[in-house]
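Q: Please take a close look at one part of this predicted model: the place where its two domains meet. Which contacts join the two sides, and which elements supply them?

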Amino acid sequence: MTDDKDDPLAGAHIDTLAIRGGIHRTGEGEHAEPIFLTSSYVFDDAAQAAARFSGDEPGNVYSRYTNPTVRSFEERMAALEGAEAAVGTASGMAAILSVAMALLKSGDHVICSRDVFGTTVNLFGKYLAKFGIEVSFVPLLDTQGWRDALRPTTAMLFLETPSNPLCEVADIAALAQLARDSGALLVVDNCFCTPALQRPLELGADIVVHSATKYLDGQGRCVGGVALGEARHMDEVQTFLRTCGPTMSAFNAWVFLKGLETLRLRMEAHSANALALARWLREQPLVEQVYYSGLEDHPGHALAARQQRAFGGVLSFRLGGGQPGAWRFIDGTRMLSLTANLGDAKSTIVHPATTTHSRLSPAQREQSGIADGLVRVAVGLEDVEDIKADLARGFDALSA
Ligand SMILES: *Cc1c(COP(=O)(O)O)cnc(C)c1O
């Protein structure tokens with residue numbers, strides 16, 4: 001937001017910025033945001049080329065550095081997250097990698113929630129470790145564990161809340177305080193809530209990362225990511241990107257810009273459908289436990305109600321009968337998409353123990369509460385009665 005009197009968006013609300021933020025008109029009178037599908041840019045004269053290359057004159061040089069459509073997406077995202085700056089990336093993993101490469105160095109230590117996206121665990125545990133960055137994994141809700149893991153070299157705390165697939169809710173403000181007290185940066189992967197439901201920077205986080213592939217797109221079309229935070233940090237991330245290359249494509253940025261226009265409405269509808277489904281699932285005799293922070297008896301309910309605007313679209317539930325039962329249930333459904341993706345208008349269903357969490361040993365899965373009978377649904381925007389009807393087919397298959 002800006003207080004510039006000439007800016008028609010000065011003081012505008014977030015819902016307006018999601019639709020009108022970051023637009024730069026070309027002069028052709030276009031209404032929708034233009035896509036700049038160009039790899040490079042031309043200069044007026046040799047002196048301008050020299051000034052652009054030296055950085056003396058701001059402006060576009062090459063789309064690995066900057067692209068106007070990507071910039072529009074970055075400005076709109078920054079407005080939504082309340083960030084000073086944003087950097088679009090080729091994927092969610094590219095956002096996390098770029099933040100780590102730009103802001104960590106050999107000898108630094110990272111504390112990472114055990115309950116983050118599996119590939120994030122591999123990135124820290126396998127690749128960054130090769131370059132002398134040490135990582136400790138702690139259970140998301142183990143406040144003392146975070147404290148005990150601190151070292152003088154701890155430079156970053158990394159977490160995701162709510163967690164996948166059990167909807168555990170971490171206290172962002174408390175962990176931000178811990179990070180501040182120990183001189184480390186708190187990085188929050190805000191993929192599951194999006195800024196429509198949760199704004200970690202307002203709660204004291206230093207950096208937010210997203211997989212734009214999920215709810216920011218919202219219709220399962222493009223892969224992308226974004227990092228957000230103070231300009232001094234994002235300048236470093238941007239420099240890493242222009243040097244190493246995992247930049248966002250202009251076309252994908254355009255798709256994400258259009259996705260952001262409906263983000264708030266979609267997130268509220270995903271959340272309403274998920275809550276209705278969670279309440280219905282709890283009544284089903286074959287369901288042992290439902291994990292959704294919108295249910296009043298979920299341990300994270302009060303914190304989620306405070307920290308989030310709604311409870312999000314992802315829930316999971318445990319069936320008796322272990323893995324064979326869960327598979328029979330999933331194979332009994334016919335409308336839901338069997339895929340590990342989420343954040344789509346189409347509801348998806350997956351068996352975490354043998355897909356998203358299969359890299360964990362049985363003991364680790366047990367520790368993390370990923371039971372063999374657990375099923376995750378990323379609730380889409382179909383009529384919730386039809387989602388229930390499809391899950392009812394799963395229950396029929398289970399009791400047959
Ligand atoms: C999907 C996902 C990622 C990785 O994003 P990509 O766009 O697939 O690279 C990171 N974090 C979370 C929470 C995710 O769901």
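A: Between domain 1 and domain 2, 15 residue pairs are in polar contact, both residues at pLDDT 80 or more. Four helices each give two or more residues to the side of domain 1 that touches domain 2: H5 (118-130), H7 (172-181), H8 (194-197) and H10 (250-261).

Charge pairing comes next. The rule finds one salt bridge across this interface. Arg264 forms a salt bridge with Asp15, and their closest N and O atoms are 2.2 Å apart.

Now the bounds. The domain assignment places domain 1 at 14-260 and domain 2 at 264-399. Their centres, taken over C-alpha atoms, are separated by 28 Å.

The contact counts follow. In domain 1, 35 residues touch 36 residues of domain 2. About 2900 Å² is buried between the two domains, and carbon and sulfur atoms give 55% of that area. On the domain 1 side, Leu166, Leu197 and Tyr215 lose the most area to domain 2. Together these three make up 26% of what that side buries.

One strand also deserves a look. Strand S12 (residues 374-378) has five of its five residues buried, so the rest of the structure largely encloses it. Leu374, Arg376 and Ala378 are buried on one side, and Val375 and Val377 are buried on the other. Strand S9 (residues 314-319) runs antiparallel to S12, joined by five bridges. Here Val314 has Ala378 as its bridge partner. Strand S11 (residues 348-350) also pairs with S12 in the antiparallel sense, over three bridges. Ile349 is bridged to Val377.

Conventions. Residues numbered from 1 in each chain as written. Predicted model: local features only at pLDDT ≥ 70, side-chain atom pairs only at ≥ 80, totals over all residues. Heavy atoms only, no water. Buried < 20%, exposed > 50% of the residue type's maximum accessible area, 1.4 Å probe, protein only. Pairing = 2+ DSSP bridges. Domains from an automatic or database assignment. Contact = heavy atoms within 4.5 Å. Buried area = accessible area lost by both parts, 1.4 Å probe. Salt bridge = Lys/Arg side-chain N within 4 Å of Asp/Glu carboxyl O. Polar contact = N/O pair within 3.5 Å; in protein donor to acceptor, adjacent residues only side chain to side chain.
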